[in-house]
Amino acid sequence: MNKQVLTGIKPTGRIHLGNYIGAIKPALQLAEKQSCDTAYFVADYHGLTKIHDKQEMKELSYGVAAAWLALGLNPDRAIFYRQSDVPEIFELSWILACYAPKGLMNRAHAYKSLVEENKESGKEVDAGVNMGLFTYPILMAADILLFQTEIVPVGKDQIQHVEIARDIAENFNKQYGEIFVIPEYVIQEETAVLPGLDGRKMSKSYNNTIPLFEEPKKLQKLINKIKTDSSPPEEPKDPDSSVIFALYKEFATSGQIKEMRRRFQAGIGWGEAKKELFQVMNSFVEEPRNRYNELMSNPEDIDFILDKGAERARNKILPFMREIKENIGLYH
Ligand code: TRP
């Protein structure tokens with residue numbers, strides 16, 4: 001039996017290096033394996049917890065879809081869809097909500113950190129928290145459990161969400177028998193947390209990202225902004241604690257990596273190192289960037305692919321949705 005793999009990306013910002021290295025790249029590798037069935041999607045309803053501007057929602061959603069396709073996702077193999085085109089996910093989300101202890105949601109990181117921020121700035125604890133954000137992990141559990149997912153490739157920040165999906169599934173199974181498959185996450189150990197421009201984790205919320213499909217000039221500028229210390233060029237540098245080297249490794253060949261390691265240890269100027277980083281990154285991204293731009297100017301092509309994907313997704317999950325409902329006593 002093939003392993004079911006599933007992951008989603010929410011459209012709350014432009015696809016950046018962290019998304020690519022932490023989620024898309026490993027997911028694409030799994031999609032190539034004969035032993036895996038893959039389902040990848042644009043988590044637009046998760047995006048809605050934050051994005052309330054119509055045009056922005058459209059553009060960001062297309063952006064996520066175009067990025068997957070531009071980077072080589074084959075939609076004939078993977079089931080590739082928009083979350084909002086599969087309404088059964090939301091039916092299941094309600095069902096699961098009835099098995100999700102409220103306390104579990106109180107402990108979810110995204111919600112908890114907002115509450116902490118509010119407390120620190122003297123605001124009301126739940127200021128700016130909508131119920132979509134509060135119940136975010138339940139919708140994510142529905143995404144995962146509806147596809148009987150075994151493996152969820154995610155960034156480190158999503159581990160807790162997968163654990164919550166497991167908890168909810170176990171609660172349900174305790175009552176009705178082994179209905180849900182208990183999912184597991186996989187993370188890219190080496191690059192589990194990619195540093196951003198300022199050295200903190202690369203994240204939309206820190207505004208320290210490098211958008212993957214940035215035009216060359218801007219890309220160069222962003223790379224120049226990466227924080228470095230003031231050590232002089234000739235001073236030997238530790239490659240393993242350098243953001244520049246960490247990023248370089250993602251795009252260079254093993255020969256190039258070896259050589260760069262040597263140059264770091266011998267002493268390399270930061271300006272020079274940044275130039276080298278730009279070169280490997282830009283030559284990797286050139287082709288996908290052209291495909292991305294082409295797709296973004298033909299959104300009807302993206303719609304066509306996503307519509308077909310949603311149809312396949314629904315065909316796949318409908319029998320299981322019926323089984324779930326039967327098990328809770330909704331059909332006779
Ligand atoms: N929460 C994920 C993120 O912020 C996106 C997501 C939604 C997801 N549903 C999912 C990831 C299901 C994996 C599986 O990146």
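F172 is buried, and F180 is buried as well, in what is a predicted model. Ring pairs join these two residues with Y99, Y176 and F320 into a cluster, and the structure as a whole holds 17 aromatic pairs. Alongside the aromatic pairs there are 15 salt bridges, and the domain assignment divides the protein into domain 1 (3-194 + 299-327) and domain 2 (213-292).

**Aromatic pairs and a charge over a ring**

- The rings of Y99 and F172 have centres 5.0 Å apart and planes at 70 degrees, and because an angle over 60 degrees counts as edge-to-face, the pair is placed in that class.
- Y99 belongs to the loop between α4 (88-97) and α5 (102-106), whereas F172 belongs to helix α9 (residues 159-176), so this ring pair ties together parts that are 73 residues apart in sequence.
- F172 has a relative accessible area of 0%, and it therefore counts as buried.
- F172 also forms an aromatic pair with F180, in which the centres are 4.8 Å apart and the planes stand at 55 degrees to each other, an arrangement described as tilted.
- In a contact of another kind, K237 lies over the face of W270, at 5.4 Å from the ring centre.

**The two domains and what lies between them**

- The centres of domain 1 and domain 2, taken over C-alpha atoms, are separated by 32 Å.
- Contact between the domains involves 14 residues of domain 1 and eleven residues of domain 2.
- The size of an interface is often given as the accessible area lost when the parts come together.
- Between them, domain 1 and domain 2 bury about 1,100 Å², with 63% of this area on carbon and sulfur atoms.
- On the domain 1 side, the residues that lose the most area to domain 2 are R14, L17 and A70, which together account for 38% of what that side buries.
- Two salt bridges are counted between domain 1 and domain 2.
- R14 forms a salt bridge with E214, in which the closest N and O atoms are 3.6 Å apart.

**Salt bridges between separate parts of the chain**

- Side chains of opposite charge can pair when their charged atoms come close.
- K25 and E250 form a salt bridge whose closest N and O atoms are 3.0 Å apart.
- K25 is found in helix α1 (residues 17-31) and E250 in helix α11 (residues 243-251), so their salt bridge ties together parts that are 225 residues apart in sequence.
- E250 has a relative accessible area of 15%, and this residue therefore counts as buried.
- K325 forms a salt bridge with E91, and here the closest N and O atoms are 2.8 Å apart.
- K325 lies in helix α14 (residues 299-328) and E91 lies in helix α4, so the pair ties together parts that are 234 residues apart in sequence.
- The partners fall into separate accessibility classes, since K325 is buried with a relative accessible area of 17%, whereas E91 is partly exposed with a relative accessible area of 35%.
- The side chains of D240 and R261 meet in a salt bridge, with an N to O distance of 3.1 Å.
- D240 is in the loop between α10 and α11 and R261 is in helix α12 (residues 254-266), so that the pair, 21 residues apart, links distant parts of the chain.
- D240 counts as exposed, at 53% relative accessibility, while R261 is partly exposed, with a relative accessible area of 27%.
- Salt bridges with shared partners also join R82, D85 and D303 into one network.

**The surroundings of R200**

- R200 is placed in the loop between β5 (184-186) and α10 (216-225).
- With a relative accessibility of 43%, R200 counts as partly exposed.
- When its neighbours within four places in sequence are left aside, R200 is in contact with L194, P195, Y206 and N208.
- R200 and E323 are 123 residues apart along the chain, and their C-alpha atoms are separated by 45 Å.

Note on methods. Residues numbered from 1 in each chain as written. Predicted model: local features only at pLDDT ≥ 70, side-chain atom pairs only at ≥ 80, totals over all residues. Heavy atoms only, no water. Phe/Tyr/Trp six-rings, centres within 6.5 Å; stacked < 30°, edge-to-face > 60°. Helix = DSSP H or I, 4+ residues; strand = E, 2+ residues; numbered from the N terminus. Buried < 20%, exposed > 50% of the residue type's maximum accessible area, 1.4 Å probe, protein only. Lys NZ or Arg CZ within 6 Å of the ring centre and 35° of its normal. Contact = heavy atoms within 4.5 Å. Domains from an automatic or database assignment. Buried area = accessible area lost by both parts, 1.4 Å probe. Salt bridge = Lys/Arg side-chain N within 4 Å of Asp/Glu carboxyl O.
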